[in-house]
Amino acid sequence: MTVTVERGARAVAKHQHAGPRRPRTRDSYALFLLPGFLAFLAVIIVPFLMNTGVSFTEWQGIGSPKWTGLANYRELLDDSEFWASFRHSMFMVVAMAAVPTMIGLVLAAALFDYIAKHFGSKWAAVLRACFYLPQVLPIAVAGIVWSWILAPDNGSLNELLKAIGLSSWQQDWLGDPDLALYSVMGVMVWVQIGFPLVVFMAGLQRVDPLLYEAAELDGAGWWRRFWHITLPQIRPEIYVVLTWCTIAALKVFGAVYVLTKGGPGGATDVPSYFSFSTFFEKTQVGYGAAISTVLTVIILLLSLIGLKLQTRAEDAEEGVRA
Amino acid sequence: MLTARRRVVAAAAVMMSGALLLTSCGDSDSGSGDGKTLKLWHYEGPDSAMGVAWNEAIKEFEAKHPGVKVKFEEKGFDQIQKTAPMILNSSDAPDLMEYNKGNATAGALSKQGLLTDLSAEVTKRGWDKKLSAGVRTTSVYDTNGVMGSGKWYGVPNYAEYTMAFYNKDLFKKYGIAEPKTFDELTSAMDAFVKKGVTPLANAGAEYMAQQYLYQLALSKADRSWVDKYELYKGKTDFHDAAWTYAAQTFADWVKKGYISKKSTSTKAEDAGVSWIQGKAPILFSGSWWYGRFQTEAKFDWDSSLWPGSNLTLGSGGNLWVVPKNAKNKDLAYDFIDITMSKKIQNLLGNKGGVPVAADTSAITDPKSKQLISNFNTLSQKDGLAFYPDWPVTGFYDVLVSETQKLMTGNEKPDDYLSALQQAYDKGAPKQ
C-alpha cells in the first residue's frame, strides 16, 4: 500500500504552479503582505543593518563611534573566549536538539502506540501535557527553580542523594567547571523534551493506522513498527524539530543567564551571553555587535542548510513514491 | 527587475518603516519643565536606610514647594546601569537621578557631556564642606572622566565601607575568641575548620569573592598603591607584593577550607542569607547589609574593620546626578539640599545607613552608632580604597570569572594575576 502525504505549503505551491497564472490577483495579495513586511523591515532588517554598521566601530555606547573597519572581526578570530563559547554551543545543540529529538521520538511513539491503546487516549494526553509543561514555564522561573535544586549546600538534588545514602555523589553542580556545562545541558533537555514530543504526536495522528495493523498482523513487534513505520512516516516533523531546536540551541541565552551567568570562569559561556556581556557589561558595543552579527550569519546559514537538506530529502522521498 | 507598482510599494514600505522608527525614537515629553514637577529616579528599596530617608525628603520637598509635585519612579540598579546613556541622551531624562559612582559609570557620562556640572551649586550651597576628602573623590571627574579631580558631577548623601561581621553566638558556641588582629582571625578560622564549620560566608558568582581578595591586597598596600590602581597615577603591576600575596593567600584559604569551594557559583544574596541563618560565623561585606542584619539576624552579632589593615573597600555612596537635559534643574538642586539636611541625614543614620552630614548626638541606635563610629575612624585615617572593579569598564566580569577559576584551582595565582593585568592594561587609559 502506498501512502501519499502532500505537505503543507509545498503542496499548495505545487497546486498554484499547476493552475493558470493570474499575476494580477497575485499582485493584489502583496498588499496583505505589506504590514508583515514593514514590521520585518523595522524590527529585523533595519536593526540588523545598524548592528552590522556598529560592528565596524569602536564604541562605548555613548559619544561618537570610531570607525575601525574589520578590526573587531580580526580580534574575534583570535578570541579564545569567543571560540570556547561556540564549542559550548555545540554541546547545547546536543542537549537542546539531538537528545530531546531522540527522547521525544521514543516517548511520542510510546504514548501514541502503547499508552493510548492500553490506558486510553486521556492518559496519553495528560502525560503529553506533563512533558510539555517546562515549555510553558518562563525560562527565568525554570532557571531559578533549577538553581535551587542544584545548589551546592541545601539543593534538593544533593539532599536527595544524601537521604538515599549517596552522599559521595553530591556535587557542586553549577560551580564545578568540569560539571557546570553538563548540568545546564541536563536542565535544557528537561526544558526541550515537550516540544518534539508534541510535534511528533501530532505527526503520528496523520499516519494511516492500517499500516500499524498490517505490520502487527505480520508479527512486527513494537520496535520494528517504530523503526519501519513511525520513523519514516514522521520524517518531515523530525527535520522541522531538528532545525528549530538547533537554532534555539545556538541562540540560547536565558538559561545561561539565570543559572550560571556563563561561569564558573567562562565554563558555560555561549555566544549570545558572550555578546550580551561584551555589549552591556563591558560596554564594548562595537565588539559585541560584531559577535552578534557573526552569530546571526551562522544561524542563518545553518537554517538555510537545514531547510535545503529537508527539501532535498522530501523531494527524494516523493521521487521514490512517484 | 522592479515593476512600477512594486517600486511604489517598496517606497511606501521604506517611508512607513522610517516613520515607525522615528516614532519609536521620538520625543515623548511628559510635560515637565514647567517648574511644577520634579522628575526623580532612584533605585533604593523602600525599606533600606536610603529609601526611608529619601521618601521623607520627598515629603519635605513637597511641603516646602507648594504646587510642585515629585514624580518619583523607582528603577532597578541594572536598569539604570544599562540604559542611562540612552535615556540621558534623550528628552526623557529625569531632573534628578541616582547613579553609580566611578570612572566607568558617572565618569564616562560626564566625559560625554551628559551630566550637568554642579561645581557652582556645590560651592554656593556648601555641600563641599559637608563631605570628607575620601567621600568627595567619587563626586569630581576630570575631562577624561577620571575621578578624584576636576568638576563636580554628583553629590553623595551617604557613604559605604566594608567590614567583618561576626556571629558572636557561634564564636561562643565553639569556644573561639572574637579576633582583634589578623593572626587571631586566621587562628579563629583554623579553629572553626577543625570543628567542621566553614568560617567565611562567600559568593563566587558575584562581588564578594573579589572583595575578599582586594581586601587582602589592601592589607599590604598604601594610598599611593590605591592611587596607581584606581586613579592611574603610575603603573599598576599585578605581580607586585600586594597582589601576589592576595592571590596566593586567597587560593590557600580555599584549600584550607576557610572559604568553601562550593561557594564558586553562589550569589551575594545566598552568602548574606547563610550568615543571617547562622551557618557561617564571619561575613566580610559592605555597610549596605547593615540595616538588614539589624532587622533579620536573630543572634548576637558584632562588626569591625578588617583586622590589620589601614585601608578597606569603600567610598562615598551612589551619586545624585543632574542630567544635562534635565528641565527643572533648580528643583533638583533644592531636593539634593534637603537630602543633605541634618533631619534627613540623622534619619538615614538611625536606619542603618552611613550619613555624611549627620549630627552624631542624634544617632540613638547603638548599632548604628558603632557603624558610624567605625566609618569616622576609617575616614580620619583616609582609609577608603574604593572597589576593585572600578578602574576599567567591564572589569567586574573579568574579576568574577577569573576569581572563580582561582577558587576551583583551574588557574594558578600567577596566571590569575596575568589575566587581570591583561584586562586592566587593555581598558585603563594609556599612561
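So, confidence by element in chain A: helix H1 (residues 8-18) of chain A has the lowest mean pLDDT, 46, and helix H8 (residues 180-192) of chain A has the highest, 96. That score is the predictor's confidence in each residue, running from 0 to 100, and helices here are DSSP runs of H or I with at least four residues, numbered from the N terminus. Residues 1-18 of chain A sit below 50, and beyond near neighbours in sequence that stretch makes 18 contacts in the model, a contact being heavy atoms within 4.5 Å. Chain A as a whole averages 86, with 90% of its residues scoring at least 70.

Some housekeeping. This is a predicted model, where local features need pLDDT of at least 70 and side-chain atom pairs count only at pLDDT 80 or more, while totals for chains, interfaces and linings use all residues. Residues are numbered from 1 along each chain as its sequence is written, chains are lettered from A and ligands numbered from 1 in the order written, and side-chain values use heavy atoms, leaving out hydrogens and water.

Now, the membrane part. The unreviewed UniProt entry puts "transmembrane region" at residues 29-50, 90-114, 126-149, 179-202, 238-259 and 285-307 of chain A; bear in mind that such annotations may be inferred rather than shown by experiment. Take residues 126-149 of chain A: 92% helix, 0% strand, with the end C-alpha atoms 25 Å apart. Residues 179-202 of chain A are also 92% helix and 0% strand, and there the end C-alpha atoms lie 36 Å apart.

Salt bridges next, meaning a Lys or Arg side-chain nitrogen within 4 Å of an Asp or Glu carboxyl oxygen. Over all chains there are 19. One of them pairs A:Glu216 with A:Lys117, at 4.0 Å from N to O. That one ties helix H10 (residues 209-217) of chain A to helix H4 (residues 80-119) of chain A, and the two residues are 99 apart in the chain.

And how many salt bridges are there between chain B and chain A? One: B:Lys426 with A:Glu75, closest N and O atoms 3.2 Å apart. On the chain B side, H1(B) gives the largest share of the residues touching chain A, nine of them. By type, that side divides into 10 nonpolar, 11 polar and 11 charged. In total, 32 residues of chain B are in contact with 32 residues of chain A.

Conventions:
Ala, Val, Leu, Ile, Met, Phe, Trp, Tyr, Cys and Pro count as nonpolar, Asp, Glu, Lys and Arg as charged, and the others, Gly among them, as polar.
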